[in-house]
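Trainee: Got a minute to go through this one with me? I'd like to start with how the helices pack.

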Amino acid sequence: MLLLLLGIIILHIAALVLLFISTIVSSWTVGTTSSADLWSNCSTSAVGYHCDPAFAGEWIQAVQALMILSIIFSFLSLFLFFCQLFTLQKGGRFFLTGIFQILASLFVMTGAIIYTVMSPTWVPDIMSFGFAYILAWVAFPLALISGLIYVILRKRE
């Protein structure tokens, strides 16, 4: 049982770290001389490095909000897990923890889908999706799997 709890915690922390990295790092789309993320659109030219804020429309603000919500819900889920680990009755399930983690996974999935659909209106066609965008998609199944494990998991002594 101890190894199972340790594995779930590692899975949860891995998903949380991926969410942090994908939200903070400026590599959602990359090109040879430019990169774009949730917060700015940067390019290198003969005069230097120039960044413009991400004011492309409401969709980028929705993606920003969804990614931040996914981090908050994932962190709250981890906190609730530790609280429930010490207060939950024997045989009880970690429903609240699982629901928060599943919501975090749905938030990151929705944000990544919106970015996928709407990014061609903001970034040039010569750019491709970067590693932070891929990390957001990797964080989605990790958070979903850990949330489902929390829902199924029962507390034992």
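Trainee: How do the axes of helix H1 and H2 cross, and at what angle?

Mentor: This is a predicted model. In it, the axes of H1 (residues 2-24) and H2 come within 9 Å and cross at roughly 160 degrees. Because of that angle, H1 is roughly antiparallel to H2, the cut-off for that label being over 145 degrees.

Trainee: And is the crossing of H1 and H2 left-handed or right-handed?

Mentor: The H1 and H2 crossing is left-handed.

Trainee: Switching to the surface. Which residues make the nonpolar patch?

Mentor: Trp39, Ile68, Leu69, Ile72, Phe75, Leu76 and Phe79 make it, and the patch is about 620 Å².

Trainee: Where does Ile72 sit?

Mentor: Ile72 lies in helix H2, which covers residues 58-87.

Trainee: Does Ile72 count as buried, exposed or partly exposed, and why?

Mentor: Ile72 counts as partly exposed because its relative accessibility is 40%. Buried would need under 20%, and exposed over 50%.

Trainee: What about the whole chain, how many residues and what share is buried?

Mentor: The chain has 157 residues, and 44% of them count as buried.

Trainee: How many helices and strands are there, and in what order do they run?

Mentor: There are four helices and five strands. Starting at the N terminus, the order is α-β-β-β-β-α-α-β-α.

Trainee: Last one: what does the C-alpha trace span?

Mentor: About 65 × 25 × 20 Å along the principal axes of the chain.

How values were computed
Residues numbered from 1 in each chain as written. Predicted model: local features only at pLDDT ≥ 70, side-chain atom pairs only at ≥ 80, totals over all residues. Heavy atoms only, no water. Patch = residues over 30% accessible without salt bridge, like charges linked within 9 Å, V, L, I, M, F, W, Y side chains within 5 Å. Areas by Shrake-Rupley, 256 points an atom, 1.4 Å probe, with all protein chains shown as cover. Salt bridge = Lys/Arg side-chain N within 4 Å of Asp/Glu carboxyl O. Helix = DSSP H or I, 4+ residues; strand = E, 2+ residues; numbered from the N terminus. Buried < 20%, exposed > 50% of the residue type's maximum accessible area, 1.4 Å probe, protein only. Axes fitted to C-alpha atoms, helices over the stretch in contact; angles between N-to-C directions. Parallel < 35°, antiparallel > 145°, perpendicular 65-115°, else oblique. Left-handed = near helix turned anticlockwise from the far one by under 90°.
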